[in-house]
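Colleague: I would like to go through some of the terms used for this model. For each one, please tell me what backs it.

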Amino acid sequence: MNVPDAPDALHRQTLQSLREAMPLLWTRPARATTADASTWTLDDVRHASDRFQRFAPLLALLFPELAPAEGAIESPLLRAEGMQAALRWPRAMGKLWIKADHDLPVAGSIKARGGLHEVLEYAETLARREGLLQAGQDYRVLAEPAARACFAGHRVAVGSTGNLGLAIGVIASALGFQAAVHMSADAKKWKKARLRARGVTVVEHAGDYQKAVAAGRAEMRDDPRGYFVDDERSPSLFLGYAAAALHLREQLRVAGITVDDAHPLFVYLPCGVGGAPAGIAFGLKEIFGPHVHCFFAEPTQSPCFLVRMMAGSGQLPDAPAAPSIYDVGLNNLTEADGLAVPRASELAAAVMATRLDGVYTVADDRLFADLARLYDSEGLRIEPSAAAGFSGPDQLFTSAAGQAYLHTHGLAPAMGDATHLVWTTGGRFVPPEEFDRFLSRGRSSAADN
């Protein structure tokens with residue numbers, strides 16, 4: 001292996017690529033082995049998983065598509081040999097797998113995990129407070145008229161670019177809550193239409209995701225019967241995502257995939273505000289410790305988590321404490337609408353401060369090219385933001401920062417036996433005509449590269 005450039009040279013190169021909106025890989029300067037400021041443990045993750053299990057009979061009743069899985073909200077783990085060939089990986093890179101959250105039922109995206117968990121936790125708390133739910137009782141009682149009448153007197157709201165809004169709107173309306181989703185101007189029209197078809201109020205805001213969240217938060221602040229799902233600050237969302245790690249551990253076992261020193265696991269997670277990937281990364285780190293390596297993927301014009309991590313590491317000395325992508329001259333314009341976020345969640349950033357291994361950025365053309373490669377090789381239909389994970393292994397193996405990471409952590413000898421897991425995050429409900437447009441652009445982009 002070639003010895004990578006000196007850290008100072010890598011840092012200068014990273015800063016230049018960041019400001020010029022060029023693809024890059026950044027790795028955390030010092031990989032901590034101890035816990036950060038978070039007080040959560042694996043027990044908290046188990047509690048979230050247990051809540052999903054308690055609600056499973058009710059979910060199967062509310063959503064017939066969940067009946068075959070007995071109310072479980074889960075996605076398959078897929079071996080992606082065709083996509084690996086399409087990406088032209090050498091054998092020495094290990095094997096590519098996909099965690100197919102793009103096909104999660106009910107909400108059609110990774111946001112089903114955190115979004116459903118938080119609304120279910122709120123419903124559970126409210127029902128117990130009102131005497132509608134007793135310990136050990138069948139949760140299907142929450143579909144009966146008394147519970148629905150109670151829920152109908154309460155409002156649930158969220159600010160979203162699309163997928164979290166779909167998750168919150170769908171579950172809240174199904175339980176009988178009044179549901180409202182505040183959406184930014186870049187949210188897709190079909191997502192708004194799908195929510196309205198469910199009876200959800202969609203409030204549109206000029207500006208970006210952050211303005212939609214602020215508006216929703218302000219509206220609900222003084223409503224005693226209102227509950228705001230705060231994507232930037234919510235522990236419940238975070239732990240709902242983290243629960244995915246427990247199921248993945250079992251899926252890896254069933255697939256015969258070992259995770260240890262000789263068989264490292266690399267996980268590539270598309271990142272918007274950061275709650276979903278941070279929750280999953282937290283759960284995985286609690287289970288697999290130093291044997292799992294978690295990387296977030298962001299658009300070149302919207303790398304809010306990268307900017308936050310660099311600032312926290314002292315690598316953006318002139319940036320404010322909680323910087324946005326605008327502070328480094330970027331514009332937040334990307335076709336990956338779910339990732340178009342200007343400022344990272346401070347909750348997620350704090351938890352990831354000593355856990356996250358790196359962040360890389362990807363250009364929109366590469367998102368579309370990988371979307372097309374995935375469909376042509378595996379027959380999977382995803383949205384552009386869900387394709388962000390597929391360029392991660394290339395960054396790890398071909399960039400100076402990636403080579404430095406492998407060298408520093410002594411990973412090179414184990415890479416032939418590594419597992420690379422790309423987490424696809426949305427796409428199940430993309431309208432056919434919209435996907436055809438994605439596919440056409442993607443095939444054109446793939447042909448040009």
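Colleague: Why are strands S4 and S5 called a pair?

Modeller: Two strands pair if DSSP finds at least two bridges between them. S4 (residues 155-160) and S5 are joined by 6 bridges, so the condition of at least two is met. The two strands run parallel, and Gly-159 stands opposite His-182 in S5. The strands themselves are DSSP runs (E, at least two residues), as are the helices (H or I, at least four), numbered from the N terminus.

Colleague: What kind of model is this, and what does it count?

Modeller: It is a predicted model: local features need pLDDT of at least 70 and side-chain atom pairs count only at pLDDT 80 or more, while totals for chains, interfaces and linings use all residues. Residues are numbered from 1 along each chain as its sequence is written, and side-chain values use heavy atoms, with hydrogens and water left out.

Colleague: Which other strand does S5 pair with?

Modeller: S5 is joined to strand S6 (residues 201-205) by 5 bridges, again in parallel. Met-183 stands opposite Glu-204 in S6.

Colleague: What makes S4, H6 and S5 a right-handed unit?

Modeller: The three form a β-α-β unit. A crossover is right-handed if, with the strands pointing away from the viewer, the path from the first strand over the helix to the second runs clockwise. This unit counts as right-handed.

Colleague: How do you know that the length of H6 agrees with its number of residues?

Modeller: The expected span is 1.5 Å times one less than the number of residues. For the 13 residues of H6 (residues 163-175) that gives 18 Å, and the end C-alpha atoms are 19 Å apart, which agrees. After H6 comes Gly-176, with a positive phi near 110°.

Colleague: Why is S5 called largely enclosed?

Modeller: Of its 7 residues (178-184), 6 are buried, so the rest of the structure largely encloses it. Buried means under 20% relative accessible area, exposed over 50%, and partly exposed in between (1.4 Å probe, protein chains only). H6 is mostly covered too, with 13 of its 13 residues buried.

Colleague: How do you know that both faces of S8 are covered?

Modeller: In a regular strand the side chains alternate between the two faces of the sheet. Leu-265, Val-267 and Leu-269 are buried on one side, and Phe-266, Tyr-268 and Pro-270 on the other. That makes 6 of the 6 residues of S8 (265-270), so the strand is largely enclosed by the rest of the structure. S8 is joined by 6 bridges to S9 (residues 292-299), in parallel, and by 4 bridges to S11 (residues 419-424), also in parallel.

Colleague: Why is Glu-124 said to form a salt bridge with Arg-54?

Modeller: A salt bridge is a side-chain nitrogen of Lys or Arg within 4 Å of a carboxyl oxygen of Asp or Glu. Here the closest N and O atoms are 2.9 Å apart, so the pair qualifies. Glu-124 lies in helix H4 and Arg-54 in helix H2 (residues 42-62), so the bridge ties together parts 70 residues apart in sequence. Glu-124 is buried at 2% relative accessible area, whereas Arg-54, at 30%, is partly exposed. Both belong to a network of salt bridges with Arg-51, Glu-121 and Arg-128.

Colleague: What makes Lys-111 a case without a salt bridge?

Modeller: Lys-111 lies in helix H4 (residues 111-129). Lys and Arg count as positive and Asp and Glu as negative, while His and the chain ends are not counted. The nearest side chain of opposite charge, Asp-231, is 4.1 Å away, so Lys-111 has no salt bridge. Lys-111 is nevertheless buried. Contact means heavy atoms within 4.5 Å, and Lys-111 does touch Asp-231.

Colleague: Why is Thr-14 called buried?

Modeller: Its relative accessible area is 9%, so it falls in the buried class. Thr-14 is found in helix H1 (residues 7-19). Beyond its neighbours within four places in sequence, it is in contact with Leu-24, Leu-25, Trp-26 and Met-310.
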